[in-house]
Amino acid sequence: MAAPTASNLSFSSSYSISRLSLFQHKKTSFLCTKNSIIKRKCRHGGAVKCMVLEKSSAAEVTRTKKQSVYKLQTLTSWLLKQEQDGVIDAELTIVLSSISMACKQIASLVQRAGISKLTGVHGAVNAQGEDQKKLDVVSNEVFSNCLRASGRTGIIASEEEDVPVAVEESYYGNYIVVFDPLDGSSNIDAAVSTGSIFGIYSPNDDCLLDLDDTTMLDNVEQRCIVNVCQPGNNLLAAGYCMYSSSMIFVLTLGNGVFSFTLDPMFGEFILTQENIQIPKAGRIYAFNEGNYRLWDDRLKKYIDNLKDPGPSGKPYSARYIGSLVGDFHRTLLYGGIYGYPRDKKNRNGKLRLLYECAPMSFIVEQAGGKGSDGLQRILDIQPVEIHQRVPLYIGSTEEVEKLEKYLS
Ligand code: AHM
Ligand code: MG
């Protein structure tokens with residue numbers, strides 16, 4: 001039998017069978033210790049410490065190799081696996097990859113905002129009458145460009161655009177993507193956590209633009225609006241990316257919630273949590289209590305009870321970042337409730353159904369929690385306009401149900 005060449009060999013620093021390295025020559029598997037390879041160049045025969053493995057031992061080594069702590073699953077490889085398993089199609093894989101690329105770019109802009117003079121206001125007001133930050137505008141452009149370039153998106157609707165936009169003919173695809181490119185942007189100038197939120201809807205035949213016809217743009221816009229206004233129940237995928245001490249990408253495709261952390265050493269999202277389950281209950285509440293005076297009396301009673309549950313109970317802890325992605329992420333991992341209620345000034349609360357409340361509710365339900373407007377499930381609400389606002393109560397099932405009892 002011909003001797004294996006040194007270039008074929010793997011090295012191991014240990015003599016134990018499980019840690020010896022394996023190489024194969026035709027149908028026979030060989031193990032070589034590091035010493036034998038280094039000292040004797042692993043020449044076959046003579047005094048060289050090479051062993052021939054039985055097939056079962058070879059399989060054992062292969063199994064050990066699979067469990068290596070150095071094996072990392074990237075978002076890309078995870079998405080490809082979902083595609084192979086038939087959970088998503090190739091087009092959606094590309095859309096999701098484009099979104100992750102947009103998030104990486106936005107993270108870099110957020111991190112360098114002070115240096116590149118991207119803090120402060122832009123000077124314009126968005127469709128909802130809010131002052132846009134410079135980074136709101138830039139992030140919207142980054143997100144939109146990445147989606148357009150994917151060639152798989154047909155319509156995009158953003159917090160920062162007045163109406164949903166149909167992607168140009170040459171790049172046109174089927175998926176409908178709704179997003180808030182930089183949520184919690186009032187926190188940016190103080191370098192506090194922010195995030196991007198997105199939801200993806202399925203192709204809708206009623207909406208596919210016939211690019212050959214002479215439809216007026218207004219009609220196209222109207223058709224886009226109709227198609228974007230889908231209830232959260234129709235979401236195919238939803239997720240968010242949090243720009244914080246770590247950059248975390250959380251995603252659901254309707255089969256559990258998965259979390260990926262950006263490894264800054266090589267710029268890839270790495271799978272760090274699978275099938276996240278929100279605790280059934282949690283003694284943390286996140287509300288902007290500055291609005292207490294404007295709230296409904298039933299809600300005041302609920303909050304009063306959390307703070308003073310009587311002699312038998314321990315008060316809840318208050319945690320409020322003022323950044324939905326950050327507050328939601330903590331709630332997802334530790335349990336508790338996040339709320340943005342309606343009040344005397346804002347009859348429908350502040351948060352937007354399409355690209356804030358619905359995607360987050362899809363994620364929380366996939367993690368075993370609840371998303372409610374106080375009376376009904378957020379995912380059941382049929383939007384009637386793009387920037388529609390709804391009250392949001394989201395988090396651990398028991399906590400949201402407790403609140404619903406107070407409000408009913
Ligand atoms: P934005 O999309 O304009 O950033 O507004 C949404 C944000 C949420 O992230 C956050 O939970 C909420 O507004 C905070 O509002 P407030 O400052 O009224 O507490
Ligand atoms: Mg927002």
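In which sense do strand E14 and E16 pair, and over how many bridges? Strand E14 (residues 284-286) and E16 pair in the parallel sense, over two bridges. The views below start from this pairing and then move through the rest of the chain, which is shown here as a predicted model.

**View 1. The whole chain, before we zoom in.** Let's get our bearings with the 408 residues of the chain, of which 41% count as buried. The secondary structure comes to 10 helices and 18 strands. Look also at how the chain folds back on itself: among contacts with a separation of 6 or more, 60% are between residues 24 or more positions apart.

**View 2. Strand E16 and its two partners.** Strand E16 covers residues 337-340, and both of its faces are covered. On one side you can find Ile 337 and Gly 339, on the other Tyr 338 and Tyr 340, and all of these are buried. Tyr 338 is a handy landmark here. In E14, Ala 286 stands opposite Tyr 338, while in E18 the bridge partner of Tyr 338 is Ile 394. E16 and strand E18 (residues 392-395) run antiparallel and are joined by four bridges. As a reminder, strands of a sheet pair through backbone hydrogen bonds, either parallel or antiparallel.

**View 3. The five-stranded sheet and the helix across it.** Stepping back from E16, we find an open sheet of five strands in the order E15-E14-E16-E18-E17, with mixed pairing. Its edge strands are E15 and strand E17 (370-372), each of which pairs on one side only. E17 meets E18 in the antiparallel sense over three bridges, and Lys 370 stands opposite Gly 395 in E18. Now find helix H10 (residues 397-407), which lies across E16, E17 and E18. H10 runs at about 150 degrees to E18.

**View 4. The surroundings of ligand 1.** Which of the 13 residues around ligand 1 come nearest? They are Asp 183, Gly 184, Asn 288, Gly 322 and Leu 324. Strand E8 (172-183) and helix H8 (324-334) are the elements that give two or more residues to this shell. By class, the shell holds one nonpolar residue, six polar residues and six charged residues.

**View 5. Helix H8 and the loop that leads to it.** H8 is mostly covered, with nine of its 11 residues buried. The buried residues include Leu 324, Phe 328, His 329 and Arg 330. After H8 comes Gly 335, with a positive phi near 85 degrees. On the other side of the helix, look for Ile 321 in the loop between strand E15 (317-318) and H8. Is Ile 321 buried or partly exposed? Ile 321 counts as partly exposed because it has 19 C-beta neighbours inside 10 Å, and a residue needs 20 or more to be buried. Leaving aside neighbours within four places in sequence, Ile 321 is in contact with Val 192, Ser 193, Gly 326 and Asp 327. Measuring from C-alpha to C-alpha, Ile 321 and Asn 288 lie 9.1 Å apart in space, although they are 33 residues apart in sequence.

**View 6. The eight-stranded sheet.** Here is another open sheet with mixed pairing, this time of eight strands in the order E7-E6-E8-E9-E10-E11-E12-E13. Strand E7 (165-166) and strand E13 (268-273) stand at the edges with a single partner strand each, so one side of each is left without a neighbour in the sheet. Inside the order, strand E11 (residues 247-252) and strand E12 (residues 257-263) run antiparallel and are joined by five bridges. Val 250 stands opposite Ser 259 in E12.

**View 7. The largest nonpolar core.** This core has 92 residues, and those with the most contacts inside it are Val 177, Ile 200 and Phe 249. Helix H4 (residues 90-111) gives the most to the core, with 10 residues. Try picking out Ile 200: beyond residues up to four places away in sequence, Ile 200 touches several others, among them Leu 92, Val 95, Tyr 175 and Val 177.

**View 8. Two loop residues with a positive phi.** Neither residue in this view is a glycine. Ala 191, with phi near 55 degrees, is found in the loop between E8 and strand E9 (194-201). With 14 C-beta neighbours inside 10 Å, Ala 191 counts as partly exposed. Asn 275, with phi of about 45 degrees, has its place in the loop between E13 and E14. Asn 275 is exposed, with 12 other C-beta atoms within 10 Å.

Conventions. Residues are numbered from 1 along each chain as its sequence is written. Chains are lettered from A and ligands numbered from 1 in the order in which they are written. This is a predicted model: local features need pLDDT of at least 70, side-chain atom pairs count only at pLDDT 80 or more; totals for chains, interfaces and linings use all residues. A residue is near a molecule or strand if its C-beta atom, placed from the backbone, lies within 6 Å of it. Ala, Val, Leu, Ile, Met, Phe, Trp, Tyr, Cys and Pro count as nonpolar, Asp, Glu, Lys and Arg as charged, and the others, Gly among them, as polar. Two strands pair if DSSP finds at least two bridges between them. Two residues are in contact if their C-beta atoms, placed from the backbone, lie within 7 Å. Axes are lines fitted to C-alpha atoms, for helices over the stretch in contact, and angles run from 0 to 180 degrees between N-to-C directions. A nonpolar core is a set of buried Ala, Val, Leu, Ile, Met, Phe, Trp, Tyr and Cys residues joined through C-beta atoms within 7 Å.
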